[in-house]
Amino acid sequence: AFSDGGLRKILRTFSSTQSVSNFRPTAAAAVYHRLLPERGGVVWDMSAGFGGRLLGALACDRVDRYIGTDPSTHAMDGIREMAEELVPMAAQLGRRTLEVELHQAGSEDFVPARNSLDMCFSSPPFGPGHEKYSDEPTQSYKKFPTKREWLHGFIGATLRNCAHGLK
């Protein structure tokens, strides 16, 4: 008998597919705590995905503002719902408030305000076609189908936007 995990592993091996994963919120919180200033930290998560880094921001008192971008409608709907429920819940419990700003856009297209960010932190796709989160035309593997286009159009533009926004 196969377990669900074992079956997924076999299917990935034989069908040349890959899975997507969520970034561990505890790891994100630890990174924020280690690298952000004690107060007023502003983070841009360039590939907000399934919300793991948002949860880490909510758990870390050094993050005052979380900016998330992602081109996926499905991912952005989920992360909006997560923020709408969990941020007020944390405030009601007396934990803290967190300003959350979400944009359904690719990181190559979102230009943060100059010198407005303390950290750019994410887990972007690992190359053109390696992580296919949706079939939407906004996905980096669709917009930039070759390795060269992807490196210059997606990664290069994202890094320029990070440099523009970082203090």
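**A colleague's note on the sheet and its surroundings**

1. Let me start in the middle of the sheet: Val-43 has Tyr-66 as its bridge partner in β2. Please keep in mind as you read that this is a predicted model. The pair belongs to a parallel match between β1 and β2, joined by five bridges. To get from β1 to β2, the chain passes through helix α3 (residues 52-59), and this β-α-β crossover is right-handed.

2. Now stay with Tyr-66 and look at its partner in β3, which is Val-100. Here β2 and strand β3 (residues 99-103) pair over five bridges, in the parallel sense. The connection is again a β-α-β unit: β2, helix α4 (residues 73-92) and β3 make a right-handed one. As for cover, strand β2 (residues 63-69) is mostly hidden, with five of its seven residues buried.

3. It may help to step back to the whole sheet. The sheet is open and has four strands in the order β3-β2-β1-β4, with parallel pairing. At its edges stand β3 and β4 (119-120); each has a single partner strand, so one side of each lacks a neighbour in the sheet. As a reminder for anyone new to sheets, strands pair through backbone hydrogen bonds, either parallel or antiparallel.

4. What joins β1 to β4? Two bridges do, and these strands run parallel. On this side of the sheet, the residue opposite Trp-44 is Cys-120 in β4.

5. Cys-120 deserves a second look. The structure holds zero disulfides. Cys-120 is in none, and the nearest cysteine sulfur, that of Cys-162, lies 3.4 Å away. Why is there no bond for Cys-162? Its sulfur is 3.4 Å from the closest cysteine sulfur, in Cys-120, and that is too far for a bond. The cut-off used here is a sulfur pair within 2.5 Å. In general terms, a disulfide is a covalent bond between the sulfur atoms of two cysteines. The surroundings of the two cysteines are worth noting as well: Cys-120 counts as partly exposed because its relative accessibility is 21%, while Cys-162 counts as buried because its value is 7%.

6. Next, a charged residue in the sheet. Asp-45 sits in strand β1 (residues 41-45). Is Asp-45 buried or exposed? Asp-45 is buried, with a relative accessible area of 0%. Its side chain has a polar contact, at 2.8 Å, with the side chain of Arg-53. Leaving aside residues up to four places away in sequence, Asp-45 also touches several others, among them Tyr-66, Ile-67, Gly-68 and Thr-69, as well as Phe-121 and Ser-122. Tyr-66 thus turns up again, here as a contact of Asp-45 and earlier as the bridge partner of Val-43.

7. The loop between β3 and β4 has two residues I would point out. One of them is Ser-116, which is buried at a relative accessible area of 17%. A polar atom of the Ser-116 side chain lies 2.6 Å from the backbone oxygen of Ala-113. Not counting residues up to four places away in sequence, Ser-116 touches Val-42, Gly-165 and Lys-167.

8. The other residue is Asn-115, which is placed in the loop between β3 and β4 as well. Asn-115 has a positive phi of about 55°, although it is not a glycine. For background, most residues other than glycine have a negative phi. Asn-115 counts as partly exposed because its relative accessibility is 45%.

9. Finally, some overall figures to set these details in context. The protein has six helices and four strands, and along the sequence they follow the pattern α-α-β-α-β-α-β-β-α-α. Of its 167 residues, 40% count as buried. The accessible surface comes to about 9600 Å², and carbon and sulfur atoms hold 55% of that. Among contacts with a separation of 6 or more, 72% are between residues 24 or more positions apart.

Terms used. Residues are numbered from 1 along each chain as its sequence is written. This is a predicted model: local features need pLDDT of at least 70, side-chain atom pairs count only at pLDDT 80 or more; totals for chains, interfaces and linings use all residues. Side-chain values use heavy atoms; hydrogens and water are left out. Buried means under 20% relative accessible area, exposed over 50%, partly exposed in between (1.4 Å probe, protein chains only). A polar contact is a pair of N or O atoms within 3.5 Å; within protein, one must be able to donate a hydrogen and the other to accept it, and residues adjacent in sequence count only if both atoms are side-chain atoms. Contact means heavy atoms within 4.5 Å. Two strands pair if DSSP finds at least two bridges between them. A crossover is right-handed if, with the strands pointing away from the viewer, the path from the first strand over the helix to the second runs clockwise. Accessible areas come from the Shrake-Rupley method with a 1.4 Å probe; for residues, only the protein chains shown count as cover.
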